[in-house]
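Here are my notes after going through the model you sent. Keep the viewer open while you read, since I jump around the chain a bit.

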Amino acid sequence: MSPFPKGGKGGERENVIKIERLEIREINLPLVHFFETSFGRTERRRILLTKIFCNGAIGYGECTAGETPLFSHETIDTAWIMIKETLAPIIIGRNWAAPSEVSQWFQPIRGHQMARAAIENACWDLTARVRNIPLYKLLGGTLKKIPCGVSIGIQDNPEQLLEKIKTEVDAGYRRIKIKIKPGWDCDIIRLVRRHYPDIQLSVDANSAYTLADIDLLKRLDEFNLLMIEQPLGYDDIIDHSELQKQIKTAICLDEPITSLDKARKAIEMKSCLIINLKLGRVGGFSEAIKIHDYCYKNNILVWCGGMLEAGIGRSHNIAMSTLPGFRIPGDVSASKRYYKEDIVEPPVTVNEDGFINISQVTGTGYEPREDYIERITVRKEVFSV
Ligand code: OSB
Ligand code: MG
């Protein structure tokens with residue numbers, strides 16, 4: 001018999017499980033194609049994976065921190081130290097019944113959301129396995145298939161961009177997002193629109209502009225974009241509010257949305273009409289669900305963002321994308337767009353019509369390939385009782 005009774009209503013405290021062991025490792029994976037944003041180019045990923053052991057069961061997590069502090073202040077190296085010095089001592093030997101308790105333990109910690117999410121999400125992953133239910137159901141998801149979009153980086157030339165867009169449109173993706181920066185903006189978008197007048201198109205500037213660029217930003221209104229993501233400062237919600245008053249295109253915020261509180265303030269200030277929700281950036285599933293629920297209740301469009309995740313993080317994004325408020329395509333796409341070989345089996349695939357079918361099996365439906373992960377591990381550390 002399973003040592004873990006199913007979590008029921010009421011008596012959850014009786015179903016406590018104890019964190020006996022935490023493993024963190026760094027894997028190294030080359031991208032099939034470089035990914036370039038206004039802040040720089042990534043050719044290969046260094047990814048921190050977490051593995052939590054409770055009474056023989058295992059939960060997996062993936063940290064979305066990048067290699068450099070350019071998207072967020074967090075990096076894989078700061079996350080490693082944060083987990084080692086602060087989070088591991090908090091969790092090891094601790095009993096819990098619901099994964100949201102783990103986010104409560106971390107509540108006094110300021111910042112370091114991506115490090116926290118890598119631990120908390122592994123606890124959600126473990127809980128789904130232990131209760132013998134799909135992770136998406138544990139999260140409260142309802143969608144049986146999710147619409148997918150792609151994020152296409154800055155290319156070496158316009159022809160290369162058009163070729164990439166053709167590949168993704170032909171593959172069935174339901175929304176194309178292209179990265180922009182000064183010098184790779186209006187002319188490029190005009191060119192794309194000339195070739196694809198009707199596709200759902202959005203742009204992401206990753207904070208490459210300021211209000212001094214208002215005339216250029218106003219000109220984007222002519223391209224019928226679904227949204228412009230993060231045009232201004234990475235931590236700003238004030239200038240974005242001013243900009244939203246002056247442009248018709250919907251602003252979507254990404255970088256500054258690090259908590260429910262930030263999301264609420266951005267929405268109340270009308271700094272954006274759309275929110276890109278990233279699991280790592282907000283500290284994990286507990287906070288992500290709160291932000292989703294807030295947006296759903298207030299009729300704010302919300303979609304699931306991506307951070308070039310390998311299969312574990314990708315499978316968590318897929319599970320989250322089944323929450324009913326996610327009504328427009330997210331940056332959740334097939335493994336093969338990023339990695340020749342993904343760390344999960346099966347790899348994530350997308351149907352011809354641009355949807356991912358949600359697996360109904362226990363956990364995520366994407367199992368970590370332990371042997372392969374071991375082979376590409378460059379460092380590992382274990383914390384136990
Ligand atoms: O701004 O959404 C972003 C990747 C790394 C850092 C920031 C961003 C992105 C993406 C890629 O746009 C989304 C994906 O395909 O995973
Ligand atoms: Mg973005």
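The points below go from the overall fold to the metal site and then to local details.

1. **Overall build.** First, a reminder that this is a predicted model. The protein has 12 helices and 17 strands. The C-alpha trace spans about 65 × 40 × 35 Å along its principal axes. For 385 residues, a compact globule would have a radius of gyration near 21 Å, and the protein comes out at 20 Å, which agrees.

2. **Inside and outside.** Buried residues make up 60% of the 385 in the protein. The accessible surface adds up to about 15,800 Å², and 51% of that belongs to carbon and sulfur atoms. If you take the contacts with a sequence separation of 6 or more, 72% of them are between residues 24 or more positions apart.

3. **The magnesium site.** Which residues hold the magnesium ion (ligand 2) as protein donors? They are Asp-204 and Asp-254, each through OD, and Glu-229 through OE, at 2.1 to 2.3 Å from the ion. Written as a sequence pattern, the spacing of these donor residues is D-x24-E-x24-D. Asp-204 sits in strand S9 (residues 201–204) and Glu-229 in strand S10 (residues 227–229), so this pair ties together parts that are 25 residues apart in sequence.

4. **Are those two donors buried or exposed?** Asp-204 is buried, at 0% relative accessible area. Glu-229 also counts as buried, with 0% relative accessibility. Remember that the cut-off for buried is under 20%. Keep in mind, too, that these areas count protein chains only.

5. **Helix H6, just before S9.** In H6 (residues 186–195), the buried residues are Cys-186, Ile-188, Ile-189, Leu-191, Val-192 and Arg-193. An arginine is on that list, so have a look at Arg-193 when you rotate the helix. The cover over the buried residues of H6 includes helix H5 (158–171), strand S8 (176–179), S9 and helix H7 (214–219). S9 is also the strand that carries the donor Asp-204.

6. **Gln-200, in the loop between H6 and S9.** Gln-200 lies in that loop and counts as partly exposed, at 35% relative accessibility. Its C-alpha atom is 6.3 Å from that of Leu-226, although the two are 26 residues apart along the chain. Leaving out residues up to four places away in sequence, Gln-200 touches Arg-174, Arg-175, Ile-176, Leu-226 and Pro-329.

7. **Two residues with positive phi.** Ser-207 is not a glycine, yet its phi is positive, at about 70°. You'll find Ser-207 in the loop between S9 and H7, where it is partly exposed with a relative accessible area of 22%. Asn-224, also not a glycine, has a positive phi of about 50°. Asn-224 is placed in the loop between H7 and S10 and counts as exposed, at 58% relative accessibility.

8. **A β-α-β unit further along.** Strand S12 (residues 274–277) pairs with strand S13 (residues 301–304) in the parallel sense, over four bridges. To find the pairing in the viewer, look for Ile-274, which stands opposite Leu-301 in S13. Together with helix H10 (residues 285–297), S12 and S13 make a right-handed β-α-β unit.

9. **Strand S2 and its partners.** Why call S2 (residues 21–37) largely enclosed? Because 12 of its 17 residues are buried by the rest of the structure. S2 is joined to strand S3 (residues 40–54) by 13 bridges, and the two run antiparallel. They form a hairpin with two residues between them, and Glu-36 has Arg-41 in S3 as its bridge partner. S2 also pairs with strand S17 (residues 377–384), again in the antiparallel sense, over seven bridges. There, Glu-23 stands opposite Val-382 in S17.

10. **A cis peptide to check.** The bond joining Glu-345 and Pro-346 is a cis peptide, with omega at about -5°. Pro-346 lies in the loop between strand S14 (344–345) and strand S15 (355–357).

Notes:
Residues are numbered from 1 along each chain as its sequence is written. Chains are lettered from A and ligands numbered from 1 in the order in which they are written. This is a predicted model: local features need pLDDT of at least 70, side-chain atom pairs count only at pLDDT 80 or more; totals for chains, interfaces and linings use all residues. Side-chain values use heavy atoms; hydrogens and water are left out. Two strands pair if DSSP finds at least two bridges between them. A crossover is right-handed if, with the strands pointing away from the viewer, the path from the first strand over the helix to the second runs clockwise. The radius of gyration is taken over C-alpha atoms; the globule rule is 2.2 Å times the number of residues to the power 0.38. Buried means under 20% relative accessible area, exposed over 50%, partly exposed in between (1.4 Å probe, protein chains only). Contact means heavy atoms within 4.5 Å. Accessible areas come from the Shrake-Rupley method with a 1.4 Å probe; for residues, only the protein chains shown count as cover. Donors are N, O and S atoms within 2.8 Å of the metal (3.2 Å for Na, K and Ca); water is not among the atoms, so sites may look incomplete.
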